[in-house]
Amino acid sequence: MCHALLAPREATRLVCPVCRQRWKAVRPPWCERCGQPEPHFGPCRLCVEWPAAFRSVRSAVWLDENARPAVHALKYAGLPRIADDLAAAMAKLQSPADGASVLIPIPLAKKRLRERGYNQSEMLARALTRQWRIPVLVDLLARTRETPTQTALTPATRLANVAGAFATGAVSDRLTPGRRPGVSRDTRYVLVDDVFTTGATLAEAARALEQAGATRIEGVTFARAAIPDFT
């Protein structure tokens, strides 16, 4: 980000219009399910093992030298308000479908939550709810265990790293006291996260929701990281 002074009409923003315009949108053609840009040779191997209820993921921009500073500001610089700027880009991805829909932020590990002071995915979800007028449920999904950071892991080890890392309902009730809302087959659940790399975290969270009875799960992220060896 350029740290330029903002005009009065941009007073509520943290990212200037020029920097926002430099964010490179993720555009089709792409895999209709995971949003990975084509070409694909045969079935898309990125999402072939996703749970059946996990129907689609879309990302707003590419995680490049222009978007990365905004993500880092949200995650590491203690600037949760920047989520409004990121959510404004995410809000263009799709219009909320008819019927009941809720936003589900990816839960942060308790240790990281204490260190950071907030969950960046929850900040994004709360900013999106102001755009889409869809409620946020922060207590439906819970982490069952701490997991090492995914940053330096390969796609294969990312899947193993988050296996069984999320739970809903009775299982998560034992982890965090208090009554949790149940999962409805008729509700569209939209998982919210900051960055999509291989989709391992989103897919594992979707697996927990599917096991609890969800039949329609989607995902949205602000940024998408390039996978050099995808093809």
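This tour moves through a predicted model, one selection at a time.

**The whole chain**

Begin with the full protein in cartoon form. Its secondary structure consists of eight helices and six strands, which follow one another in the pattern α-β-α-α-β-α-α-β-α-β-α-β-α-β. Of the 231 residues, 49% are buried. The surface that the protein exposes amounts to about 11800 Å², with carbon and sulfur atoms supplying 53% of it. Consider next the contacts between residues at least 6 apart in sequence: 75% of these join residues at least 24 apart.

**The sheet**

Select β1, β6, β5 and β2. These four strands form an open sheet in the order β1-β6-β5-β2, with parallel pairing. At the edges are β1 (54–62) and β2 (101–105), each of which pairs on one side only. From one strand to the next, the twist averages 25 degrees.

Restrict the selection to β2 and β5 (residues 188–196). Five bridges connect them in the parallel sense. To locate one of these positions, pick Leu 103, whose bridge partner in β5 is Val 190. Then add helix α5 (residues 120–132), which packs on the sheet and touches β2, β5 and β6 (216–224). The direction of α5 makes about 125 degrees with that of β5.

**Helix α3 and its surroundings**

Move to helix α3 (residues 83–90). Seven of its eight residues are buried, namely Ala 83, Asp 85, Leu 86, Ala 87, Ala 88, Ala 89 and Met 90. Which elements do the buried residues of α3 pack against? Display α1 (17–21), β1, α2, α5, β5 and β6 to see them. Asp 85 also belongs to a network of salt bridges that links it with Arg 13 and Arg 20.

**The nonpolar cores**

Show side chains for Trp 23, Leu 86, Met 90, Leu 103, Leu 128, Val 192 and Phe 222. These residues have the most contacts inside the largest nonpolar core, a group of 35 residues. Two or more residues of this core come from each of β1, α2, α3, α5, β5 and β6. Such grouping has a general background: in soluble globular proteins, nonpolar side chains tend to be buried together.

Centre the view on Leu 128. Beyond its neighbours within four places in sequence, Leu 128 is in contact with Ala 87, Met 90, Ala 91, Leu 103, Arg 133, Val 192 and Val 220. Another core, of 30 residues, lies apart from the largest one; Ala 53, Leu 202, Ala 205 and Ile 227 are among its members.

**Salt bridges**

Now select the charged side chains. The protein has nine salt bridges, and three of the pairs merit a separate view.

The pair Lys 75 and Asp 194 has its closest N and O atoms 3.3 Å apart. Lys 75 belongs to helix α2 (residues 68–75) and Asp 194 to strand β5, so far along the chain that 119 residues separate them. Are these two residues buried or exposed? Because the limit for buried is 20% relative accessible area, Lys 75 at 17% is buried, and Asp 194 at 3% is buried too.

Continue to Glu 218, which meets Arg 188 in a salt bridge with an N to O distance of 3.1 Å. Glu 218 lies in strand β6 and Arg 188 in strand β5, so this pair ties together parts 30 residues apart in sequence. Both are buried: Glu 218 has 5% relative accessibility, and Arg 188 has 4%. Glu 218 also meets Arg 216, here at 2.9 Å from N to O. Arg 216 counts as partly exposed, at 29% relative accessibility.

**Two backbone details**

Finish with the backbone. Select Pro 28 and Pro 29, which are joined by a cis peptide bond with omega of about 10 degrees. Pro 29 is placed in the loop between α1 and β1.

The last stop is Arg 133, in the loop between α5 and β3 (141–143). What is the sign of phi at Arg 133? The value is positive, near 60 degrees, in a residue other than glycine. Arg 133 is exposed, with a relative accessible area of 70%, and is one of the contacts of Leu 128 listed above.

Terms used
Residues numbered from 1 in each chain as written. Predicted model: local features only at pLDDT ≥ 70, side-chain atom pairs only at ≥ 80, totals over all residues. Heavy atoms only, no water. Pairing = 2+ DSSP bridges. Axes fitted to C-alpha atoms, helices over the stretch in contact; angles between N-to-C directions. Contact = heavy atoms within 4.5 Å. Salt bridge = Lys/Arg side-chain N within 4 Å of Asp/Glu carboxyl O. Buried < 20%, exposed > 50% of the residue type's maximum accessible area, 1.4 Å probe, protein only. Areas by Shrake-Rupley, 256 points an atom, 1.4 Å probe, with all protein chains shown as cover. Core = buried A, V, L, I, M, F, W, Y, C linked by side-chain atoms within 4.5 Å.
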